[in-house]
Amino acid sequence: MFATGASADVLQAALDEEEVRMRAERAEYLKYFADAYVLYPRIPRGTLEAIAWTQSRWQNLAPDTPDADTQHQGMPRAWGLMGLYHGEGFADQVTQAAELLELSPHEVMTDPALNVLAAAALLDRELKGSPDDEIALVAGALERYVGFPADEGSVSSYARASFAFDVLLALDRGVNDRGIVVPERAVKWEMAFEPDMLAKLDAPFLRLDVQEDSIETDEYRIDPITEHLQHKPAAGARTPGAMRGDDNGIQSTDYGPAIWLASPNYSSRSGSTIREAVIHTTQGSYAGAISWLRNPASQASAHYVVRSSDGQITQLVRESNKAWHARSHNPYSLGIEHEGFANNSSWYTTAMYNASAGIVRMFCARYANITCASAYKGPPSSGHSVLPDSVDIKGHQHLSDNDHNDPGIYWNWSRYYGLINPGSGGGTGTKVLDTFESSVGHFVTSPTYSGSTVGVASTSSATRNCSMHKVGNCSLHVQLIDNSASNADWAVRLLSGSGNPGSNTQLARNSRIGFWVYAAGTGMQVGVGIDDSDGTERSVSRSLPANQWTYVEWKLSDSAQWRAWAGNSNGVINASNVTLDAIWLYRAQTTYTVNTYIDDVQVRY
């Protein structure tokens, strides 16, 4: 486990209490969405649930309550289940909706049922023409709906598109987590955005007819491993890392995985030595944070912003410059903003932890005065508590001359410490990657989300289940349903980190990857896929006995256990960066539904 002792106890108790409370609240919200679709039938089903997921993670936001954090970096506050803005730098959605519904702004902000109707009224106003069942066509309406400034060229266009993308991504993946239900609906991404924006957004193109894992045009290709659209630079063009000035949307030269979107809000460090990394929570959405931190009026910024859903990273300020995020600490610190609200643990995903830890590991390698071993690793807390200067990596709540509470009670500092210090276990022992005790961890997509999956129907699912487990109280329940239109044997690529290596935990090449698995039926086999930078290898498969828990494991350094599969793979795990790509499930075609359970995905040294 990443968190141990008192830290683990404090965090788990907080998570357990939150889940009981939030499940009860979220059960009420389902009716509010259903009622809104009756009044506004042009809105495609699932869209409102996905907006609520994107803006609030299904929490009735009340930013003026005593336990709410102060406005983070002056970010416009979002209100209610749908996260509506009330001016303060963004559009006044609250007042606009109140006028449409003949309600008071207070009612729109505080009553979750009316808040949902308010969002529905605003979205319906932006929809064009008659109802259409193609969910991708709502993208333009979502961009107009969101309320970010509309007159700043690429700044607003990217932020607005990012919001629409997040909503559609929630629908494309589907969500079934602790009472939150966003129905899974396949999105035809090429109908939602232009190709250049799709590539910038890191959008999956999984719904296209992929032949032999490759689609290529003169300008674009589908990466066979991540299955995302990528831009191919023209011959003689600058490489994606060639960042200068206001070249927005290309890759950062400071940190390769990051998108570069320049903020005007920075200044010179004036010779100060970089010696501190500060962990923030945006108190708002990823798209909203990007829009706000690039707005000159905000007088705020950060070096990096990390998206919750998949760990996408946007860089706003060069590391050599001073971002405006931590008052007197600005001259010598680097700031990382994490999408979400500090009082809702749903934002702190495995993909986010892994992506953020990758940034910090880079800091430690680049800057002599930032040491990963000098990161805070104690229990989380909800208040402001100053840590000494000897702690190089800490939260906004730990800084002197600051008064914020982020990242707060749900940020797992012990887990984060283990991710930025992957050798901190001394090279021996076990690290559990996914326990499924409080979330689905890395496994946020359905069994058919990958274009490499064959034989099973889109109604197949992967959800957290707390009635069946080997360790702890919960496991991942994978239900496989035959695709009646196909005679193919089943081969299911259950993606880890959505197939994005940056969303996964880095593994050592001398380790073994394994998990507990229970097949409620005969004939099942399992394997794993490993991404090792030069491609993706697949393991040999292991046969499973029916109706019993079995531990399966593969040794990364044993070439006899691996086969070349995609990219430039060579059948050997030998590259510098190694992560788990997927768990593979195999079976001869059957018309029976097969239930499989996975528990404690782990790496052993």
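In which helix is asparagine 115 found? In this structure, which is a predicted model, asparagine 115 belongs to helix α5, spanning residues 112-126, and I would like to begin there before turning to the cores and the aromatic rings.

Asparagine 115 counts as buried, because its relative accessible area is 0%. Its side chain comes to 3.2 Å from the backbone nitrogen of leucine 81, and if we set aside the neighbours within four places in sequence, its contacts include Trp79, Gly80, Leu81, Met82, Gly83 and Leu84, together with Val108 and Met109.

Met82 takes us on to the nonpolar interior, where the largest core has 132 residues, and where Met82 is listed with Phe33, Leu168, Phe193, Phe363, Ile393 and Tyr416 among those having the most contacts inside it. Helix α7, residues 154-173, supplies the largest share of this core, namely 11 residues. There is also a second, separate core of 35 residues, which includes Trp490, Leu544, Val601 and Val603.

Let me stay with tyrosine 416 for a moment, since it leads to the aromatic part of the story. Beyond four places in sequence, tyrosine 416 touches Ile279, Tyr353, Ser356, Ala357, Val360, Ile393 and Trp411, and it is also a member of one aromatic cluster with Tyr348, Tyr353, Tyr376, Trp411 and Trp413.

Across the whole structure, a search finds 27 aromatic pairs. One of them joins tyrosine 353 and tryptophan 411 in a tilted arrangement, with 4.7 Å from centre to centre and 45° between the planes. Tyrosine 353 lies in helix α11 (residues 350-366), whereas tryptophan 411 lies in the loop between β14 (393-395) and α12 (413-420), so this pair ties together parts that are 58 residues apart in sequence. Both tyrosine 353 and tryptophan 411 are buried.

A further pair, tryptophan 565 with tryptophan 584, is edge-to-face, at 5.5 Å between centres and 80° between planes. Here tryptophan 565 sits in strand β24 (residues 562-567) and tryptophan 584 in strand β25 (residues 579-587), 19 residues apart. As for burial, tryptophan 565 counts as partly exposed because its relative accessibility is 21%, the limit for buried being under 20%, while tryptophan 584, with a relative accessible area of 1%, is buried.

Finally, two rings carry a charge over the face. The charged end of arginine 57 is placed over the ring of tryptophan 53, at 3.9 Å from the ring centre, and lysine 470 lies over the face of tryptophan 516, 4.5 Å from the centre of that ring.

How values were computed: Residues are numbered from 1 along each chain as its sequence is written. This is a predicted model: local features need pLDDT of at least 70, side-chain atom pairs count only at pLDDT 80 or more; totals for chains, interfaces and linings use all residues. Side-chain values use heavy atoms; hydrogens and water are left out. A nonpolar core is a set of buried Ala, Val, Leu, Ile, Met, Phe, Trp, Tyr and Cys residues joined through side-chain atoms within 4.5 Å. Buried means under 20% relative accessible area, exposed over 50%, partly exposed in between (1.4 Å probe, protein chains only). Helices (H or I, at least four residues) and strands (E, at least two) are DSSP runs, numbered from the N terminus. Contact means heavy atoms within 4.5 Å. Rings of Phe, Tyr and Trp (its six-membered ring) pair if their centres lie within 6.5 Å; planes under 30 degrees apart count as stacked, over 60 as edge-to-face and the rest as tilted. A charge sits over a ring if NZ of Lys or CZ of Arg is within 6 Å of the ring centre and within 35 degrees of the ring normal. A polar contact is a pair of N or O atoms within 3.5 Å; within protein, one must be able to donate a hydrogen and the other to accept it, and residues adjacent in sequence count only if both atoms are side-chain atoms.
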